[in-house]
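Q: I am new to this structure. Please take a close look at one part of it and walk me through what is there.

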Amino acid sequence: MWSPLDILSLETWILIATLLCLARFYLHRKWQFLKKLNIPHYPPSILKIGTLRYNAKPSEFFTSDLEMKKKFGMVYGQYMGWSPRIVISDPDILKQIMIKEFNNFYDRQKSLQKVNGKALNNGLTNITGDTWRRVRHTISPMFSTSKLRSMIGVIDKCADEMVENLQSIAKDNDGVFDTKGVFGKYTLSAICSAAFGVDVNSQKDEKESKAIRMAKKLFQAKFLSNPMLYILIIFPWMEKIAEKMDFTFFPRDALKYFENLTNSILKISSSPDPKQTSTVLQLLAESEISEKETKSKTKGLTHMEITGNGVLMILAGYETTSSAIIFLAFNLAWHKDVQEKLREEIREIVKSDNSLDYEKLNGLKYLTQCINESLRLYPPAPRNGRYCEKKITINGITIPGKIHIDIPTYGMARDPEYWDEPEKYIPERMDDMSKIDPIIFQPFGAGPRNCIGLRLALMKIRLAICKVLLNFELDVCPDTPKPPIEIIIEATMRPKVDVLHLKAIPLK
Ligand code: HEM
C-alpha cells in the first residue's frame with residue numbers, strides 16, 4: 001500500500017507541516033490588524049486571497065462599493081492578500097485626507113508603481129514624495145489657461161476631421177458607427193496634436209495609422225487578468241525584483257513606439273529651427289535638468305522623466321477622455337430631449353460668427369451639466385486612493401501609518417443617500433455645482449493631487465460634442481444596450497459590450 005513516507009521522510013513531512021503552521025500563524029497575526037483597529041471587514045482567508053474574492057469579478061470590483069457600504073458603513077477594511085487597506089466614503093474624512101491633511105497623504109499608492117517599464121515608472125502618476133512635487137510643479141503650467149487657449153486650434157482641426165469621418169460613415173454605413181473607433185481616433189489625434197504637436201493622421205487614413213494601432217495595443221494590457229498582478233499584491237517585496245528586471249504590464253513594442261515618438265519630437269523641438277514645436281512637449285524639453293540637479297532643484301525634469309511623462313500624456317489622456325465622450329454620446333442618444341436642449345444652447349453660442357473659442361466653450365452651461373452628469377454615472381476612473389504616511393486620527397477614526405486608503409468614486413456617485421434616482425441620467429441635477437459636494441462627485445479626483453489634465457480633457461470633450469451635435473442627430477441602434485449600461489474596468493472604465501454602436505444622422 002502507498003504511504004506518504006514513500007515520497008518524503010517523516011522528518012521532512014514534519015518540517016513541511018511546521019512551516020505551514022507557522023505560515024498560518026503568521027497570516028492569522030497579519031489578519032488581526034484591522035480587527036485591532038475596530039474596522040469592520042469580511043473574515044479573511046487563504047481561499048479568498050485575504051478578502052479580495054468577496055468582491056465581484058476583478059473587472060467589476062467597484063460595482064460592489066455600495067453593497068459594502070450598506071453592510072459595513074462608510075469606513076471598512078479589506079485585505080489584498082495579507083496587506084490591509086481601508087475603504088473610506090465618509091466625505092468629511094475624505095476632505096481631511098485629500099485636502100486638509102494632504103501632507104500626510106500625498107501619494108496615491110505606494111505599491112505597483114514601478115512595474116510599468118523604465119520610462120513610465122517616472123511618470124507623474126507613478127512617482128512619490130518630493131520627486132512628485134518637483135515634477136508636478138514643472139508640468140502644471142503646461143495646462144494653464146493660456147496654454148489651453150493656444151491648443152484649441154489644433155484640437156478644433158481634429159474635431160473637424162472627426163465630423164468628416166462621421167459624414168463618410170453616414171454615406172456608406174447608414175450612420176451606424178463604432179463609438180470607440182470614432183471617438184478613440186479623435187481623442188488620440190487631439191492629444192498627439194495638442195501635447196506633442198504631431199499629426200498622427202489617425203482619423204483620415206483608411207488603414208489604421210501605426211499610432212492608433214499602438215495606442216490600442218497599449219490599452220489592451222489586461223492588468224486584472226494578469227496573474228503577475230496578484231503575485232505582486234500578495235508578495236509586494238517582489239516589486240523591487242520586477243523593477244530591476246524592467247517588468248511592465250504594457251506590451252513592450254507599444255511602449256517603445258511611444259517612447260521613440262516622444263524622443264523624436266524632443267529632438268525636433270530642441271533643434272535651432274524647429275519645424276513643428278509642441279506646447280506640452282516643448283515645455284517639457286525646456287525643463288531638462290541633470291540627475292544631479294534633482295537633489296537641489298524644485299523644478300525641472302530629467303531626460304527619463306521627460307520621456308516618461310510624454311508617454312503618460314497619451315496613457316492618462318487617451319482612454320479616459322475617449323470613454324468620457326463615448327458615455328456622453330450614449331446618454332445623449334438615449335435622451336433626445338436633453339440632446340435637443342443642448343443643441344439649441346450650442347447653436348445659440350455659435351450663431352454670431354459660426355465659431356467656437358475657449359471662452360465660448362466654457363460658457364456652455366448646459367453642456368457642462370450634461371458632461372458632469374455623464375461623468376457621475378460613468379467615471380472613467382471608478383476608484384481613487386491615497387497612502388497614509390503617518391498615523392492620524394480623523395473624526396474618531398484612527399488611520400495607522402503606511403496604509404493604503406481606497407476611495408470609492410463610483411460608489412459615492414451612485415449612492416442614493418446623495419442622489420435622487422441615482423441610476424438615471426438627469427443633467428438638471430448638475431445645475432448648481434455649489435450644491436454638489438466635490439468630494440462625493442470627484443471624477444477627476446480632489447485636492448493638490450487631482451487630475452492635471454482636467455481642463456484639457458473637458459476642452460476636448462466639449463469640442464467633440466459641439467461639433468457632433470451641430471452636424472448630426474445622435475440615435476441608438478437595435479444593438480445599443482439600454483441605460484444604465486453595464487460597465488467593466490480594464491485600463492479605465494468602459495462599456496461591457498465589445499462594440500458600442502450609435503447612429504449619426506446628418507442634420508438637414
Ligand atoms: C475625462 C478624462 C479624464 C478623467 C476622468 C481623469 C481622471 C483622473 C483621476 C481620477 C486622477 C486621479 C486624481 C487624484 O488622485 O485625485 C487623474 C490623475 C491624472 N490625470 Fe487624469 N483624467 C482624465 C484626463 C486626463 C488627461 C487628458 C490628462 C493629460 C493629458 C490626464 C493626466 C493625468 C495625470 C498626469 C494624473 C496624475 C496626477 C498626479 O499624480 O499628480 N488626465 N486623472
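A: What follows looks at the surroundings of one loop residue, Asn-126, and then at a few other places for orientation. Keep in mind that this is a predicted model.

Start with position. Asn-126 sits in the loop between helix H4 (91-100) and helix H5 (129-139). Its relative accessibility is 9%. The cut-off for buried is under 20%, so Asn-126 counts as buried.

Now the side chain. A polar atom of the Asn-126 side chain lies 3.0 Å from the backbone oxygen of Gln-113. The side chains of Asn-126 and Thr-125 are joined by a polar contact of 2.7 Å. Setting aside residues up to four places away in sequence, Asn-126 touches Leu-112, Gln-113, Lys-114, Asn-116, Leu-120 and Asn-121. Gln-113 thus appears both in this list and in the backbone pairing.

Next, a helix residue. Ala-159 belongs to helix H6 (residues 145-172). Ala-159 is buried too, with a relative accessible area of 0%. Beyond its neighbours within four places in sequence, Ala-159 is in contact with Tyr-186, Leu-463 and Lys-467. Two of these partners, Leu-463 and Lys-467, bring in helix H18 (454-471).

The loop just before that helix holds the metal contact. Cys-451 lies between helix H17 (409-413) and helix H18 (454-471). Its SG atom is the single protein donor to the iron atom of the ligand, 2.3 Å away.

Last, the record. An unreviewed UniProt entry places "transmembrane region" at residues 6-27, 219-238 and 311-334. In the model, residues 311-334 are 100% helix, with end C-alpha atoms 35 Å apart. Residues 219-238 are 50% helix, and their end C-alpha atoms lie 24 Å apart.

How values were computed
Residues numbered from 1 in each chain as written. Predicted model: local features only at pLDDT ≥ 70, side-chain atom pairs only at ≥ 80, totals over all residues. Heavy atoms only, no water. UniProt positions renumbered as here; feature names shortened; annotations may be inferred. Helix = DSSP H or I, 4+ residues; strand = E, 2+ residues; numbered from the N terminus. Donors = N, O, S within 2.8 Å, 3.2 Å for Na, K, Ca; no water. Buried < 20%, exposed > 50% of the residue type's maximum accessible area, 1.4 Å probe, protein only. Contact = heavy atoms within 4.5 Å. Polar contact = N/O pair within 3.5 Å; in protein donor to acceptor, adjacent residues only side chain to side chain.
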